[in-house]
Amino acid sequence: MSTEENVTLDKRLMLINFAKDPEPFIVVDTEKCNSCKTKPCLYICPAEVYTWQEKLNYNTEGCMETGACLIVCHKLGAAAITWKYPSGGKGVAFKSG
Ligand code: SF4
């Protein structure tokens, strides 16, 4: 296994800058999540924005703005996610890559 394969998610996320938008750009109707059978958001997000501890939790800091969560939630889940890009100058900025 190469050194690159051993890099943790936290270390990978340190390669991005994130300017917090005071307006929430992801909003989840978590009541719908309780009846979501597949919960694909837990598996699709490379930044692990979504976690489940007795209910859906989400932390948008570190969101890479792929929009994948929105697609899987609406195609396979219970359509609970509302998502838009952060305001201008906010959100993710990649340092390299
Ligand atoms: S996929 Fe959508 S509805 Fe299902 S748990 Fe995730 S956010 Fe909730």
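**Exercise 1. Ala-80 and its partners**

Leaving aside its neighbours within four places in sequence, which residues is Ala-80 in contact with? Find them, then say where Ala-80 sits and how exposed it is.

*Solution.* Keep in mind that this is a predicted model.

- Step 1: place the residue. Ala-80 belongs to the loop between α4 and β5.
- Step 2: list the contacts. Once neighbours up to four places away are set aside, Ala-80 contacts Val-28, Asp-29, Thr-30, Lys-32, Cys-33, Cys-36 and Cys-73.
- Step 3: check one long-range pair. Ala-80 and Glu-31 are 49 residues apart along the chain, yet 8.2 Å separates their C-alpha atoms.
- Step 4: classify the exposure. Ala-80 has 19 other C-beta atoms within 10 Å, and because a buried residue needs 20 or more, Ala-80 is partly exposed.

**Exercise 2. The overall layout**

Work out how many helices and strands the chain has, and in what pattern they follow one another.

*Solution.* Start with the count, then read along the sequence.

- Step 1: the chain contains four helices and six strands.
- Step 2: their pattern along the sequence is α-β-β-α-α-β-β-α-β-β.
- Step 3: for the extent, the C-alpha trace covers about 40 × 40 × 20 Å along its principal axes.
- Step 4: for the packing, 14% of the 97 residues count as buried. Among contacts between residues at least 6 apart in sequence, 71% join residues at least 24 apart.

**Exercise 3. The core and the ligand shell**

Identify the residues of the largest nonpolar core, and then describe what surrounds the ligand.

*Solution.* Take the core before the ligand.

- Step 1: eleven residues make up the largest nonpolar core, namely Val-28, Cys-33, Cys-41, Ala-47, Val-49, Tyr-50, Leu-56, Cys-63, Cys-69, Cys-73 and Ile-81.
- Step 2: follow one core member outward. Not counting residues up to four places away in sequence, Val-49 touches Tyr-58, Asn-59, Thr-60, Gly-62, Cys-63 and Cys-69.
- Step 3: turn to the ligand. There are 14 residues around it, and Cys-33, Cys-36, Cys-41, Cys-73 and Gly-77 come nearest.
- Step 4: sort that shell by class. It holds eleven nonpolar residues, one polar residue and two charged residues.

**Exercise 4. Two positive phi angles**

Locate Glu-48 and Ala-79, and state the phi angle and exposure of each.

*Solution.* It helps to recall the usual sign: most residues other than glycine have a negative phi.

- Step 1: Glu-48 is not a glycine, but its phi is positive, at about 55°. Its place is the loop between α3 (41-44) and β3 (50-52).
- Step 2: Glu-48 counts as partly exposed because it has 14 C-beta neighbours inside 10 Å.
- Step 3: Ala-79 has a positive phi too, near 55°. It lies in the loop between α4 (68-75) and β5.
- Step 4: with 13 C-beta neighbours inside 10 Å, Ala-79 is therefore partly exposed.

**Exercise 5. Two loops compared across the sequence**

Are Pro-22 and Gly-88 buried or exposed? Find a sequence-distant partner for each.

*Solution.* Treat the residues one at a time.

- Step 1: Pro-22 is in the loop between β1 (16-19) and β2 (26-28). It is exposed, since 7 other C-beta atoms lie within 10 Å.
- Step 2: Lys-90 is 68 residues from Pro-22 in sequence, with a C-alpha to C-alpha distance of 9.0 Å.
- Step 3: Gly-88 is in the loop between β5 (81-83) and β6 (91-94). It is exposed, with 7 other C-beta atoms within 10 Å.
- Step 4: Asp-21 is 67 residues from Gly-88 in sequence, and their C-alpha atoms are 9.0 Å apart.

Terms used
Residues are numbered from 1 along each chain as its sequence is written. This is a predicted model: local features need pLDDT of at least 70, side-chain atom pairs count only at pLDDT 80 or more; totals for chains, interfaces and linings use all residues. A residue is near a molecule or strand if its C-beta atom, placed from the backbone, lies within 6 Å of it. Ala, Val, Leu, Ile, Met, Phe, Trp, Tyr, Cys and Pro count as nonpolar, Asp, Glu, Lys and Arg as charged, and the others, Gly among them, as polar. A residue is buried if 20 or more other C-beta atoms lie within 10 Å of its own, exposed if 12 or fewer, and partly exposed in between; C-beta atoms are placed from the backbone. Two residues are in contact if their C-beta atoms, placed from the backbone, lie within 7 Å. A nonpolar core is a set of buried Ala, Val, Leu, Ile, Met, Phe, Trp, Tyr and Cys residues joined through C-beta atoms within 7 Å.
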